[in-house]
Amino acid sequence: MTIRFFPRGAPRAIGLGLLLAAGTAGLAFADAAAPVPNKGDTAWMLTSTALVLMMSIPGLALFYGGMVRKKNMASILSQVFAIVALVSIVWVLYGYSLAFTEGSHQLVPFASGDHPWLGFLQGYEWNNLVGGLDRAFLKGITPDSNVPTFSNGVVIPEYVYMAFQMTFAIITPALIIGGFAERMKFSAVFVFILLWVTFIYFPIAHGVWYWAGPDAIADAAKALADAPDDAAKEVAQANLDAVLNNAGFFNKMGALDFAGGTVVHINAGIAGFVGCLFLGRRIGYPHDIEPPHSITMSMIGASLLWVGWFGFNAGSALGSGPLATSAFVNTHFAAAAAAVGWSIAEWIHNGKPTALGAISGAVAGLVAITPASGFVQPFAALAIGLIAGLFCFFMVFMVKSFFRYDDSLDAFGVHGAGGTLGALLTGLFATRAINAAFGHDAAGNLVATGAMDGHWGQLLNQAAGVGIAWSISIVGTLILLFAVDKLIGLRVSPEEEAAGLDLSQHNEEGYDLGS
């Protein structure tokens, strides 16, 4: 089922998930002289992979750790570190395969048209959100296996691509714990994250980033152009349609997400918000909760996040060319503008700016620019960052205070809200001058990408993608939290919460202060 509200050509270069249908062993090319990876591209992708891993450990661990109370420092560090290890193993076993290989084209139950009240599911294939198991246990991948990138005939090693995507799968669930920090049992975190990446992250990653790849589309289009007669053209057209349909749901919708605004930030931020509501407030919230115990630790963590984000966004170009440089520059400008925007808002509201506010603003800008980083001009990145800093400040200081929900470390206020804002602003500012995401028209002209580029319908594509991602994350997270709560219980006892999760869950403390 192809759903694109305002289509603009073939769904090429819609996100960083550019993997060709990976069921073909080694993703070999038919030509005698198959393309080989460029050493510069490979080096940049290896560097980007390390940078994104650094965002989780130690970046996010320290950023979150500094914001909790001292008695919960070791607990936060342990949770983030455990998530890195757990998701890495799951990724090798089946996560990579489910996210980035071709899934079944069989219709889901009730999608055959026999049930008119479920008409929205008619023609809905499993491949829209779920890949296959062709790469389970990394089956078929060798050091010589390559995957395509944004450009026809340009490849990178599949091991590098697999590892790069793994770091995104790692940091996304790690972000979630900021919504319910200081009150969930370690065992519950472990089980919940295992289920969440399996049933929510992998499907959304597949839905946004999986497609047939530029080479498959180009080959099918060439076969159609070369067809000698009407019968051959009909066969070639059917093959091209099948190739274009071999993509995830969000991808076919035309929703733009260059580096993870939907897959990572909206997904994690909404899950953290659902978790904070499901578990309820911490004891004493909001009046008896101590302020962050170490701004220094949070500053170090945020700085590592800022630097690591260059790998997150610029690495999503899957090479070291012009698109990577554009994403690199946009990432920095957005972070800087958001830090200034948040600080000014805080200065006006509270009378003084704070270091915590500046780093929170920077992270908000990095979140918002993530989906747009490979689609917009530098001055648009500045605008996105400034708006994100002001908007996320409003969400954290106004909305959160008004509704009194206990989003402990502002996972929703920064990642959920910032990711949603960034996705929508991507539809506004995206331009073909940076990334001709929808290819060329019949006359060979580049097709407009975003609203200010002439494609106002892209705003609706983005809004639809955001709404569907919110729905999947809300419903899925609720179901999983309910199941884990019934199975082993989610929340620590009041006595354990009062003593701190360092001692109650790990029998150790984050600091040895001496006798």
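What share of the contacts in the protein chain with a separation of 6 or more comes from residues 24 or more positions apart? In this predicted model, the figure is 80%. The chain itself has 515 residues, and 58% of them count as buried. As for secondary structure, there are 16 helices and two strands. The accessible surface adds up to about 19500 Å², with carbon and sulfur atoms holding 68% of that area.

Helix α6 makes a handy place to start looking around. This helix runs over residues 230–245, and at 1.5 Å a residue its 16 residues should span 22 Å; the C-alpha atoms at its ends are indeed 22 Å apart, so expectation and model agree. At the N-terminal end sits a cap, D229, which places a side-chain oxygen 3.2 Å from the backbone nitrogen of A231. Four residues of α6 are listed as buried: A236, L240, V243 and N245. An α-helix has 3.6 residues a turn, so residues three or four places apart point the same way. The buried residues of α6 pack against two other helices, α5 (214–226) and α7 (249–253).

Over in helix α1, which covers residues 39–67, L53 is another spot to check. With a relative accessible area of 33%, L53 is partly exposed, because that value falls between the 20% and 50% cut-offs. Setting aside neighbours within four places in sequence, L53 touches V84, T167 and I170. One of these partners, V84, lies 31 residues away from L53 along the chain, yet the two C-alpha atoms are separated by 8.6 Å.

Terms used. Residues are numbered from 1 along each chain as its sequence is written. This is a predicted model: local features need pLDDT of at least 70, side-chain atom pairs count only at pLDDT 80 or more; totals for chains, interfaces and linings use all residues. Side-chain values use heavy atoms; hydrogens and water are left out. The expected span of a helix is 1.5 Å times one less than its number of residues. Buried means under 20% relative accessible area, exposed over 50%, partly exposed in between (1.4 Å probe, protein chains only). Contact means heavy atoms within 4.5 Å. A polar contact is a pair of N or O atoms within 3.5 Å; within protein, one must be able to donate a hydrogen and the other to accept it, and residues adjacent in sequence count only if both atoms are side-chain atoms. Accessible areas come from the Shrake-Rupley method with a 1.4 Å probe; for residues, only the protein chains shown count as cover.
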